[in-house]
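User: Hi! I would like to understand how labels are given to parts of a protein model. Could you go through some with me?

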Amino acid sequence: MDAPGASCAQSLLIMQSPSRLPLRCWAEIDLAALERNLRLIRASLPAHMRYVAVVKADAYGHGLQQAAARLMHAGADLFAVANVAEATALREIGPGWPILLLSPLLPEEDSYVAEYDLTATVSTSDEVQRFNALGQSVGRPISVHLKIDTGMGRVGVWHEQAEKLYAEIVAAPHIKLAGVFTHFSSSDEDPAFTAEQRHRFLAALQRCPGIRLDQLFVHADSSAGLETLEGARPFNAVRIGLLQFGILPRLNSLLAQVHTEPVFSFKTRVGLVKELPAGNTISYGRTYTLKRDTRIAVLTAGYGDGIQRASSNRAQVIIHGVRCPVLGRVTMDQTIVDITDIPGVTRGDEVVLVGRQEKAEIPLAEFSRWADTIPWETLCSVSKRVPRVYKTQLGL
Ligand SMILES: *Cc1c(COP(=O)(O)O)cnc(C)c1O
C-alpha cells in the first residue's frame with residue numbers, strides 16, 4: 001500500500017525536471033535505487049524495527065524533497081533532519097510523518113516546532129521548560145525525543161543524569177515523550193566502546209521509573225552500527241543516513257550482505273582536447289611535469305562543483321570506459337586529465353567522476369579517499385552549481 005503523500009512525490013518530480021541548458025557537471029540521483037535500498041535494509045533487520053530516515057543536509061546532497069518523497073513511498077516511519085529550515089521544507093511535502101530535529105534549537109526557532117508539528121530533541125532542563133511552555137501556549141503537547149549522551153559528548157543529557165531529566169519530562173504536562181535515543185561516536189572503528197555505549201544507554205533507561213519503551217521509538221544505530229545491532233529489544237528503530245544512499249561506511253560482514261546500490265553518480269564532460277609536449281611543467285603552481293608528449297582533456301568541472309582540490313594529482317576519472325589520471329591541480333571550473341592512452345576522445349564526451357561507465361567504476365569512497373575525506377563530506381561538497389538530475393524507474 002502506498003504511503004500518503006506518494007502522489008505529491010510524483011508532481012514534485014515533474015516540477016523539478018532539469019533545465020534545458022546542456023549540463024556541464026551534474027549529479028544523477030537514482031530514486032528507484034534509493035527505494036530498493038530502503039526496502040533491502042528493512043528486510044535485513046528484525047521485523048519489529050522501524051526506520052528513521054536521516055535526510056539532513058539536503059538528504060546528503062541528493063535533494064531533500066525528492067529523496068524524502070521517495071523514502072515516504074518506500075515506507076520510512078520517521079524523518080530526521082538537522083534543523084528547522086530542513087524540517088519546514090520537508091513538512092511542505094505533506095502532513096503525517098513525524099519529523100525529528102537532531103540539532104539544538106536557537107532561541108528564535110522554538111515556535112516553529114509547534115507551527116510545523118515537529119519533534120524536538122531534548123537534552124536539558126531548559127529545553128523541557130521551554131517546550132512545556134510552548135505546548136501550553138498552543139494548547140497541545142509538544143512531541144520530544146529524549147537524547148542520552150553515552151560518550152559522544154555532543155547533544156544529549158549525560159547518561160548518569162538521564163533519569164533526572166526523564167522525571168522532569170514526565171512531570172511536564174504539555175510535553176509528550178515519543179522516543180529515546182543515543183548516538184555512537186565510533187561504531188565504525190571501535191566495537192568495544194560501542195558496546196559500552198549501548199550498555200550505558202540501557203542502564204540509564206532502566207533507571208527511569210515506569211518508562212514504557214514499547215510505546216516509544218528506541219533508537220541508537222546509524223549506518224555503521226547496524227552490524228552490532230542483533231535485533232535486541234528494547235531497540236525498535238534504526239536511524240539510517242549514508243547506507244540508504246548505497247554507500248557502505250566500510251566493508252563488514254552484516255552490511256556486505258545488504259547489497260545496496262549507489263544512488264548518486266557525479267558526471268561532467270570534455271570541454272577541450274589538445275596535445276602538449278613532454279618536459280613542460282603545467283597547471284597552477286607548476287604541479288605536474290609532462291613525462292611524455294601528452295594528449296589532455298580539459299573537463300568542464302572543478303572544485304567549484306565539488307571535485308575537491310585536495311585530490312589534485314591523485315584523482316582519476318572515467319572516459320570511454322577507461323580510467324585516466326588528473327594532472328596537476330583541480331581548479332575552480334576546470335580539471336586537466338591525461339587521455340593519451342584513450343583514442344577518439346572528443347569535445348562533449350561524458351566523463352564519470354563518481355559512478356559507473358561501461359566496465360569501469362569509481363566508488364564514492366575511493367573518490368573521497370583521493371581528497372583525504374569521508375563520503376559524508378564529499379556528498380555535502382557537491383555545490384549548488386551542480387544540477388541534480390532525477391532518475392526514476394522510467395529512466396532519465
Ligand atoms: C547524521 C546522523 C545519523 C546518520 O548517520 P549515518 O552514518 O549517515 O547513517 C544518525 N544519527 C545522528 C544523530 C546523526 O547526526
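User: Why does Glu-163 count as partly exposed?

Analyst: Happy to explain! Buried means under 20% relative accessible area, exposed means over 50%, and partly exposed is in between (1.4 Å probe, protein chains only). Glu-163 has 28% relative accessibility, so Glu-163 counts as partly exposed. A word on the background: this is a predicted model, where local features need pLDDT of at least 70 and side-chain atom pairs count only at pLDDT 80 or more, while totals for chains, interfaces and linings use all residues. Residues are numbered from 1 along each chain as its sequence is written, and side-chain values use heavy atoms, with hydrogens and water left out.

User: What makes Arg-207 and Glu-163 a salt bridge?

Analyst: The term asks for a side-chain nitrogen of Lys or Arg within 4 Å of a carboxyl oxygen of Asp or Glu. For Arg-207 and Glu-163 the N to O distance is 3.0 Å, so the pair fits the rule. Arg-207 lies in the loop between helix H9 (191-206) and strand E9 (217-219), and Glu-163 in helix H8 (residues 162-171), so the bridge ties together parts 44 residues apart in sequence. Helices (H or I, at least four residues) and strands (E, at least two) are DSSP runs, numbered from the N terminus.

User: How do you know that Arg-385 forms a salt bridge with Asp-333?

Analyst: Their closest N and O atoms are 2.9 Å apart, so the 4 Å limit is met. Arg-385, at 44% relative accessibility, counts as partly exposed, and so does Asp-333 at 34%.

User: How many salt bridges does a search of the whole structure find?

Analyst: The search finds 21. Among them, Arg-36 and Glu-261 meet at 2.7 Å, N to O. Arg-36 lies in helix H2 (residues 31-44) and Glu-261 in the loop between helix H10 (253-257) and strand E11 (264-276), so this pair links parts that are 225 residues apart in sequence.

User: Which domains is the protein divided into, and where are their bounds?

Analyst: Domain 1 covers 45-248 and domain 2 covers 264-391; such bounds come from an automatic or database domain assignment.

User: What makes residues of domain 1 and domain 2 count as in contact?

Analyst: Contact means heavy atoms within 4.5 Å. Eight residues of domain 1 are in contact with eight residues of domain 2. The count of salt bridges between the two domains is zero.
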